[in-house]
Amino acid sequence: MPDVFEVLGRDHTEVKRMLDDLEAGPTAATGANEAALARRRTLLQKLITAESMHEAVEEEYFWPAVREHVPEGDALADHAIAQEQAAKQELDDLMAAHPLQDRFEGLLSDFIAGAREHIAFEEERVWPRLRGVITAEQANELGGRLRSAKRFAPTRPHSNTPPKPGLLKATGPVVGVADRMLDRMTGRDRG
């Protein structure tokens, strides 16, 4: 069973690949045709889903573990959660935008910069500290919790939901089911 760092690391690798692909374009400004813009929008939808699920399970399980085990864990978690909340708002804005709109590329650029900063913060500042204070058994258990929770996690950002672990654990599965139903109804799940 993969431990917490492997589970989160796989997510980060997938997200970074999508960020690279989105940065590479093509864009409306570089003359992309309608089909290329549709592919870009589909990739963005996949990114939104991956990010939404990842951040939801981190807020349910990972950040509480950081708070519990890591000296200065509250400050680290507070900083990361503030980054995640800002990213959720940016993702909400991107969901409402179209690649032909002038604001789209600016929103996307801002999100990409913030996402890279957040990933670096986790991998370089948080993970080493957590690795130093938890056992391999605890890391495996936390990895299992993340994997299980992800199956039912929301697929949309929900920027207005407070990032409270108890609330997210109680409502997350219900919201996740509702998101998946909405994704099916709108065709968002067919990307």
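This note goes through a predicted model in numbered points, from the overall fold to individual residues.

1. **Overall fold.** The protein chain contains six helices and zero strands. Its pattern along the sequence is therefore written α-α-α-α-α-α, where helices are the DSSP runs numbered from the N terminus. The chain has 191 residues, and 46% of them count as buried. When contacts between residues at least 6 apart in sequence are considered, 77% of them join residues at least 24 apart.

2. **Helix H1: length and ends.** Helix H1 covers residues 4-24. Its 21 residues should span 30 Å at 1.5 Å a residue, and the end C-alpha atoms are indeed 30 Å apart, so the two values agree. The N-terminal end of H1 is capped by Asp3, which places a side-chain oxygen 2.9 Å from the backbone nitrogen of Phe5. Just after H1 comes Gly25, with a positive phi of about 85°.

3. **Helix H1: the buried face.** Among the buried residues of H1 are Val4, Leu8, Asp11, Val15, Met18 and Leu22. In an α-helix there are 3.6 residues a turn, so residues three or four places apart point the same way. The buried residues of H1 also include Phe5, Val7, Gly9, His12 and Leu19. The elements that cover the buried residues of H1 include H2, H4 and helix H5 (136-150).

4. **Phe5 as an example.** Which residues does Phe5 touch beyond its neighbours within four places in sequence? Phe5 is in contact with Trp127, Leu130, Arg131, Ile134 and Ala139. Phe5 itself belongs to helix H1. Its relative accessibility is 6%, and because buried means under 20%, Phe5 counts as buried. Phe5 and Glu123 stand 118 residues apart in sequence, yet their C-alpha atoms are 8.9 Å apart in space.

5. **The loop between H1 and H2.** Pro26 is located in the loop between H1 and H2. The peptide bond leading from Gly25 to Pro26 is cis, and its omega is near 0°. The student may wish to view this bond together with the positive phi of Gly25, about 85°.

6. **The loop between H2 and H3.** Is Glu72, in the loop between H2 and H3, buried or exposed? Glu72 counts as exposed because its relative accessibility is 64%, and the cut-off for that class is over 50%. Glu72 is not a glycine, although its phi is positive, at about 65°.

7. **Helix H3.** Helix H3 has 24 residues, and the distance from its first C-alpha to its last is 35 Å. This is close to the 34 Å expected at 1.5 Å a residue. The buried residues of H3 include Gly73, Leu76, Ala77, Ala80, Ile81 and Gln83. Further along, Glu84, Ala87, Lys88, Leu91 and Leu94 are buried as well. Both H2 and H4 are among the elements that cover the buried residues of H3.

8. **Gln83 as an example.** Gln83 is a residue of helix H3. Its relative accessibility is 15%, which means that Gln83 counts as buried under the 20% cut-off. The side chains of Gln83 and His118 are joined by a polar contact of 2.7 Å. Not counting residues up to four places away in sequence, Gln83 touches Glu117, His118 and Phe121.

9. **The cavity.** How many cavities of 30 Å³ or more does the structure hold? There is one. The largest cavity contains about 30 Å³ of space. Its lining consists of Glu51, Glu55, Gln83, Glu84, Ala87, Gly114, Ala115 and His118. Helix H2 (34-69), helix H3 (73-96) and helix H4 (102-131) each supply at least two residues of this lining. By type, the lining residues comprise two nonpolar, three polar and three charged. Gln83 and His118, both lining residues, are the pair whose side chains share the 2.7 Å polar contact.

10. **Helix H5.** The 15 residues of H5 should span 21 Å at 1.5 Å a residue, and this agrees with the 21 Å between its end C-alpha atoms. Ala139, Leu142, Gly143, Gly144, Leu146, Ala149 and Lys150 are buried in H5. One of these, Ala139, is also a contact of Phe5. H5 is in turn among the elements that cover the buried residues of H1.

Methods. Residues numbered from 1 in each chain as written. Predicted model: local features only at pLDDT ≥ 70, side-chain atom pairs only at ≥ 80, totals over all residues. Heavy atoms only, no water. 1 Å grid on protein atoms, 1.4 Å probe; cavity = no way out; pocket = protein on both sides within 12 Å on 5 of 7 lines; lining within 4 Å. Points joined across faces, edges and corners; volume = space filled by probe spheres on them. Helix = DSSP H or I, 4+ residues; strand = E, 2+ residues; numbered from the N terminus. Nonpolar A, V, L, I, M, F, W, Y, C, P; charged D, E, K, R; others polar. Expected span 1.5 Å × (residues − 1). Buried < 20%, exposed > 50% of the residue type's maximum accessible area, 1.4 Å probe, protein only. Contact = heavy atoms within 4.5 Å. Polar contact = N/O pair within 3.5 Å; in protein donor to acceptor, adjacent residues only side chain to side chain.
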